[in-house]
Amino acid sequence: MALILLLVSVFTVQANNFKSKKGHFFENVQSQISGTVYDNNGSVLPGANIIEKGTTNGVQSDFDGNFTITVSQPNATLVVSYIGFRSKEVAVNGQTNLNITLEEDTAALDEVIVIGYGTQSKRDLTGAVSTLKAEGIVSIPTQSLQDAFQGKIAGVQVTPQNGRPGSQPVVRVRGVGTLNNASPLYVVDGLLLDDISFLPPENVQSLQVLKDASATAIYGSRGANGVIVVTTKNGSSDSSGIYARSYYGVQTVVDKIGMANATEFATLANESATNEGRAPIFADPSQFGEGFNWEDWLIQDGAPIQSHYISASGSSEKSNYFVSANYFKQDGLIRRSDFERVSFRVANEYFISDKVTAGQNLNLTFTDSQEEGEGRGVNSLINLTLQADPTLEPYNPDGTFTNTSINGGTVNPAASVAFNNNENKSFRATGNAYLKFDFLKNFNFKTSLGIDYFRGERKFFIPAHFVTPIQMLQDSRLTVSRGQHNNWLNENLLQYKNSIGEHNFDLLAGITFQEFTSENLSGTRLNLPASQLNPSPDLLYLNAGETEGQTNSNDSFSWGILSYLARANYRYKDRYLFTATFRRDGSSRFSSKNRWGNFPSVAGGWVISNEPFMKTDAISYLKLRGSWGIIGNDKIDTGAAFPTVASNLNAVFGQNQSIYPGAALVELANEELKWEETEQVDVGLEFGFFNNHLSAEVDWYRRETSDILVRVPIPNSVGVPIAPVVNAAAVVNKGFEFNLNWNSDTPEFKYNIGLNLTTVDNEVLSLGGGLEEIFAGGVRNIGSSTRTIVGQEIGAFYGWKQEGIFQDQEEINSSAIRGGEQPGDIKIVDINEDGIINDDDKTTLGSPIPDIYYGLNFSANFKNFDFSLNIDGQAGNKVLYSRTAERGFAIFNYEKFFLDRWTGPGTSNTEPRITEAGHNYAVLDRFLEDGDFVRLRNIQIGYTLPLESSVFNRIRFYVSATNLLTITDYPGYTPQIGGESVIANGIDNGTYPVGSVSTLGVEISF
């Protein structure tokens, strides 16, 4: 913070000195003007900038607000500016003495913020709400809106789930407050959604993140993980015209992992075989040279990314409209991971009368994506390829696929890609329609109906093929699956707004209904006539296959919720603020015994700067606010409260030993199941200095979630295999949020610097129900990697600590061991000092939840040029580099750091000898890496053409670079490792690389 203030101060002084010095170079002047600069209270403004318009001729007012400037002509225009005030142009018109008054710039405080079921002036907010405008969203070339606000909002952590095109990142608001789904609720134009993958960033006007109970309790049972309110663009008189935006870019992987080359691999493979008691595999490792670089084959550097967007908007006295279309295509950095999306949007508003308004909006989205198959996905392809034998190439001289497992390695990745045709298509329609009535002067009523319809189809075809005995398919196979989801929402809201003297009221009451249904259907058949690598789509239908051996499945579920809500906002004398909110939800997810939940909140604010005793030039704005409330989380399995009976449990019995269909109870009902509840306390302080050109917000928060739904163990004698879900656990998150912003608005140069920082302290308070620990994060060949227990973070890594390498047999004999260790193996810390290494010596090794995450954002405009820069980062978390830890009993390629292995006494005390799986491969702290990073997220330079045209309003060209530089010690593609499961997070099992993107774009408005 101090560094930012220092930079701003130095820059301002230097800029002002530059302006003052430039004034000395003017000659042949014709007029001298004197004057005084005042604020709107009549106080003088020392240090105000006075510049002759269209020149660099300028001076500053002195301590008494006085100035003298020599201008080039008597009819010159002066541009007067001062920090915290609106710039003003003053025509000289032959005058020689001027008294100039500047108006305070309060636009930021008077900004209208979209909150739950309404809007409110930022000055009147009692809750913790952060805002991001359209210009801060579209700077990142991405199809994901969440990617666009990474590092730009305090309290919000955005982590790529797997990095592949079309995937949606994991978003966490103020930590992880549940053992279940911890994603926030999204509200798009009033429609409540669980994801916003359909929404192009270009269609967004603004978004608000509601973080504390005062802001989120209006959403009751779904507000516990935070609420992100998205407002899309609509037509208005201010936005009439046509706007087009297009960019094209290329993607590269800046930091590759760097695997051993062929000679290095053969050397290490020979050592591994020898250490395992076998003969060396390769006679002469040096004969292979560099060999084949499978990582270069895997990564498609230069993969294009492009987006083309156009919108048209307009208005009249009776209506307005907005229509847009977007085409987005991103080729994957990894083979067979391309993504394509086409989106359309139309929005209309009709002013039926002075009292009645109607409107609607509709979004249509079509997507098409590819995925490497064999049921393993793109992340598995990454692992297969990086582990591949570099002494072999993908193809034999005759064009057939190489047997890459000939030396004990993996299947051929090239064949895996070629023989798997996996395509996903989807269609989604979202939108709503509303009708609003104004009546009895201060009342209005609004009713709306929203829809969200999704239909997805996946076709996965594998032709019959043979590469090796472990990579073959005797019968071609086609799997077709379809899913359909319907979500509708009806809201009815009554609002009363009035001012009586210095008392201001805003009251809201409403009732809402929402229902969600889903159905999935899938089937598989064998021996289709299509046998080529890229079969005709006309042949890919289930009826083309044989019925023998076919499989099918069909399932469905639904749930509904009825809600009553109310909110009261009160403001007195523009100093004292009060908000009370209440929501009552009834959900079919729970039994009738506990179907209803109540979610209240209260909040207050004190605008101290409006008090008579706080009238000072030093502080222009100061507000203290605080809130308390209870919100809920209903993101659990739909049938968790009800008994589950499984069918197809067939049995053979009777005299004829016939097969009889059967069914059995596999999960017990729990009628006591109820909402997870989060109690949150927030205290915030908002500052404004230098007439609000320097602003700051500080929040302390504590959110404790109780009655968390978990499965607890039951005795085997009950005879039910699935543990029931109960309300048992509790988790607390607490920390601070900081926002610091500086903006300068002068005629020639405008700039803004913003810094946000969030701390998170996560702790499990209880698990309950006899459940002492939850193991998760299974890693192939080594088992669970995380453990959730009381007193630690959710999903903390759990394993052994390494304290060196056994150098000789004597050291082994004098140390605690697991059994079977040899010189060169890892030495494990004997935590309990009992002389034996076993599971009792495992301990917590770190948390995947960062202690701190932050962002730095800078933007500037100089004449026709603009520049922006975004930096984000995090610290204090660990990542399990499991791709190395999970080595099995096979000959896989090695990362470069394996070359530092132990080869004899004294050669290494960190890297063990080369072996296959076994003792040296387990959940050890040697495989845990710091997840700290600082990333230059985006840098952009633009130029707007100076136009005097009746056709074009604006033409702007820009170049940008995204993910240009990442400072980290992490050895994988990215230290940002996400996952929807909060108890199995931060595990790098072949994470998709985050590419650096260079783009060239243009924006045109008519």
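Strands, labelled E, are DSSP runs of at least two residues, numbered from the N terminus. In this predicted model, one such run is strand E37, which covers residues 694–711 and contains Asp707. Asp707 is a good place to begin, for its phi is positive, about 55°, although the residue is not a glycine. Most residues other than glycine have a negative phi. With a relative accessible area of 22%, Asp707 is partly exposed, because the buried class ends at 20%.

Arg336 makes a natural companion to this residue. Here too phi is positive, at about 55°, in a residue that is not a glycine. Arg336 belongs to the loop that links E19 to strand E20 (339–351). Its relative accessibility is 18%, so Arg336 counts as buried under the 20% limit.

Strand E19 itself, residues 319–330, has Gln330 as a member. Gln330 is buried, with a relative accessible area of 13%. Its side chain is joined to that of Gln251 by a polar contact of 2.8 Å. Beyond residues up to four places away in sequence, Gln330 touches Pro165, Gln251, Pro304, Ile305, Asp338 and Phe339.

Attention turns next to helix H5, which spans residues 262–275. Its 14 residues should cover 20 Å at 1.5 Å a residue, and the C-alpha atoms at its ends are indeed 20 Å apart, so expectation and model agree. The N-terminal end of H5 is capped by Asn261, where a side-chain oxygen lies 3.2 Å from the backbone nitrogen of Thr263. After the helix comes Gly277, with a positive phi near 85°. Buried residues of H5 are Ala262, Glu264, Phe265, Ala266, Leu268, Ala269, Asn270, Ser272 and Ala273. In an α-helix, residues three or four places apart point the same way, because there are 3.6 residues a turn. Asn270 is a polar member of this list worth a closer look: its relative accessible area is 11%, so Asn270 falls in the buried class. Setting aside neighbours within four places in sequence, Asn270 is in contact with Pro280, Ile281, Phe282 and Pro285.

The nonpolar interior can be described through its cores. The largest nonpolar core has 40 residues, and Leu145, Phe149, Leu207 and Tyr219 have the most contacts inside it. Apart from its neighbours within four places in sequence, Leu145 is in contact with Ile137, Ile196, Leu199, Pro201, Val204, Leu207 and Val230. A second core, separate from this one, has 28 residues, among them Trp800, Ile828, Tyr921 and Ile987.

Among the sheets, one is open and built from 4 strands in the order E3-E2-E5-E6, with antiparallel pairing. Strand E3 (58–60) and strand E6 (88–91) stand at the edges; each has a single partner strand, so one side of each is left without a neighbour in the sheet. On average, neighbouring strands here are turned by 25° against each other, direction ignored. Strand E2 (residues 49–52) and E3 run antiparallel and are joined by 3 bridges, with Asn49 partnered by Gln60 of E3.

Further along the chain, strand E26 (residues 477–500) pairs with strand E27 (residues 503–526) in the antiparallel sense, over 24 bridges. The hairpin of E26 and E27 has 2 residues between the strands, and in it Gly501 takes a positive phi near 65°. Across this pairing, Asn486 faces Thr517 of E27. E27 also pairs in the antiparallel sense with strand E28 (residues 546–572), over 23 bridges. There, Thr517 stands opposite Ser558 of E28.

Strand E30 (residues 596–607) offers a clear alternation of side chains: Gly597, Phe599, Ser601, Ala603, Gly605 and Val607 point to one face and are buried, whereas Trp596, Asn598, Pro600, Val602, Gly604 and Trp606 point to the other face and are not buried. Strand E29 (residues 576–587) is joined to E30 by 11 bridges, the two running antiparallel, and Asp585 has Gly597 of E30 as its bridge partner. E30 pairs as well with strand E31 (residues 619–633), over 7 bridges and again in the antiparallel sense. In this pairing, Val607 is partnered by Lys623 of E31.

Methods
Residues numbered from 1 in each chain as written. Predicted model: local features only at pLDDT ≥ 70, side-chain atom pairs only at ≥ 80, totals over all residues. Heavy atoms only, no water. Buried < 20%, exposed > 50% of the residue type's maximum accessible area, 1.4 Å probe, protein only. Polar contact = N/O pair within 3.5 Å; in protein donor to acceptor, adjacent residues only side chain to side chain. Contact = heavy atoms within 4.5 Å. Core = buried A, V, L, I, M, F, W, Y, C linked by side-chain atoms within 4.5 Å. Pairing = 2+ DSSP bridges. Axes fitted to C-alpha atoms, helices over the stretch in contact; angles between N-to-C directions. Expected span 1.5 Å × (residues − 1).
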